[in-house]
Amino acid sequence: MTLYNNPQSRGLTLFPLIQELGIEDQIQQVEMAYPDMHQPNYEQINPMGKVPCLVDRGIVISEMAAIYIYLADKFRDKGLAPDLDDPKRGAYLKWILFCHGPLTEYIDISNLQIPAERIEQQRRSLSFGNEASVHRFLKQGILQASPYLLGEQCTAADLYVAYCLIFAINAKILPDYAEFTPFLQTLAKRDSLKDIAWFQPYRT
Ligand SMILES: N[C@@H](CCC(=O)N[C@@H](CS)C(=O)NCC(=O)O)C(=O)O
């Protein structure tokens, strides 16, 4: 497999997953400089001109969530993805796709500093709704983690959610809600996340 990536990009979020799956030796990493992403060579691979992008046996898999789901399923023996007929799989997909969709949209819109009234006017068509709904979804859901989102077993969803949360907290887009603390403390103990400085405050 070939992974086109950039160390300053959201593609960093894939490293803990790759480490937990133990597949470092199966992935050839190609570091893309930002200007090169918009050259014809790369746009033929990913017409969006963005990273990360995984290519496996000629099949191009772009989009963070797709890469997360694909790799965790491909190496299902590592136990990071619930089985297809396990109802927990529904919650697993919900968490991964919430991060990829509504949460990412919320982070992007927050960075644009669009006035709250304008967002309220568009609330029904914005996938994240409004700030209050995103915060409520995260606080309620993450408080129920026991200790992981799906229970005893850590899944790819925990790695993705934890990384998105810690990024948004550090960017001051999300408050460091007390509801997040036990979950982030649990994740901060994992080998795959222990070297990430953003988790430092949660190491107990
Ligand atoms: N929807 C894509 C977004 C990927 C994305 O925006 N990547 C940024 C880096 S974080 C990028 O490659 N930007 C290069 C550019 O747009 O020129 C995903 O989730 O994978």
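Me: How much area do domain 1 and domain 2 bury between them?
Reply: About 1300 Å², with 64% of that on carbon and sulfur atoms. Bear in mind that this is a predicted model.

Me: Which residues in domain 1 lose the most area to domain 2?
Reply: Those are Glu-20, Tyr-68 and Ile-69, and together they make up 36% of what the domain 1 side buries.

Me: Back up a bit. Where do the two domains run in the chain?
Reply: Domain 1 covers 2-78 and domain 2 covers 88-202. Going by C-alpha atoms, their centres are 22 Å apart.

Me: And how many residues does each one bring to the contact?
Reply: Domain 1 puts in 14 residues, and domain 2 puts in 16 residues.

Me: OK, on to charges. How many salt bridges are there between domain 1 and domain 2?
Reply: The count is 2.

Me: Glu-20 came up earlier. Which residue does Glu-20 form a salt bridge with?
Reply: Arg-190 is the partner, and the closest N and O atoms of the pair sit 2.8 Å apart.

Me: What about polar contacts across that interface, how many residue pairs?
Reply: There are 5 residue pairs in polar contact across the interface of domain 1 and domain 2, counting pairs with both residues at pLDDT 80 or more.

Me: Which elements give two or more residues to the domain 1 side?
Reply: Helix H1 (14-21) and helix H3 (64-74) do. H3 gives the largest share of that side, 6 residues.

Me: How do the residues on that side divide by type?
Reply: On the side of domain 1 that touches domain 2, you have 8 nonpolar, 2 polar and 4 charged residues.

Me: Changing topic: Asp-56. Where does Asp-56 lie?
Reply: Asp-56 is in strand E3, which spans residues 53-56.

Me: Is Asp-56 buried or exposed?
Reply: Buried. Its relative accessibility is 6%, so Asp-56 falls under the 20% cut-off for that label.

Me: What does the side chain of Asp-56 make polar contacts with, then?
Reply: One partner is the side chain of Tyr-70, at 2.5 Å. Another is the side chain of Lys-74, where the polar contact is 2.9 Å.

Me: And which residues does Asp-56 touch, leaving out those up to four places away in sequence?
Reply: With those left out, Asp-56 touches Met-1, Ile-61, Tyr-70 and Lys-74. So Tyr-70 and Lys-74 turn up both as touching residues and as polar partners through their side chains, given that a polar contact is a pair of N or O atoms within 3.5 Å.

Terms used: Residues are numbered from 1 along each chain as its sequence is written. This is a predicted model: local features need pLDDT of at least 70, side-chain atom pairs count only at pLDDT 80 or more; totals for chains, interfaces and linings use all residues. Side-chain values use heavy atoms; hydrogens and water are left out. Domain bounds come from an automatic or database domain assignment. Contact means heavy atoms within 4.5 Å. Buried area is the accessible area (1.4 Å probe) that two parts lose on being put together, summed over both. A salt bridge is a side-chain nitrogen of Lys or Arg within 4 Å of a carboxyl oxygen of Asp or Glu. A polar contact is a pair of N or O atoms within 3.5 Å; within protein, one must be able to donate a hydrogen and the other to accept it, and residues adjacent in sequence count only if both atoms are side-chain atoms. Helices (H or I, at least four residues) and strands (E, at least two) are DSSP runs, numbered from the N terminus. Ala, Val, Leu, Ile, Met, Phe, Trp, Tyr, Cys and Pro count as nonpolar, Asp, Glu, Lys and Arg as charged, and the others, Gly among them, as polar. Buried means under 20% relative accessible area, exposed over 50%, partly exposed in between (1.4 Å probe, protein chains only).
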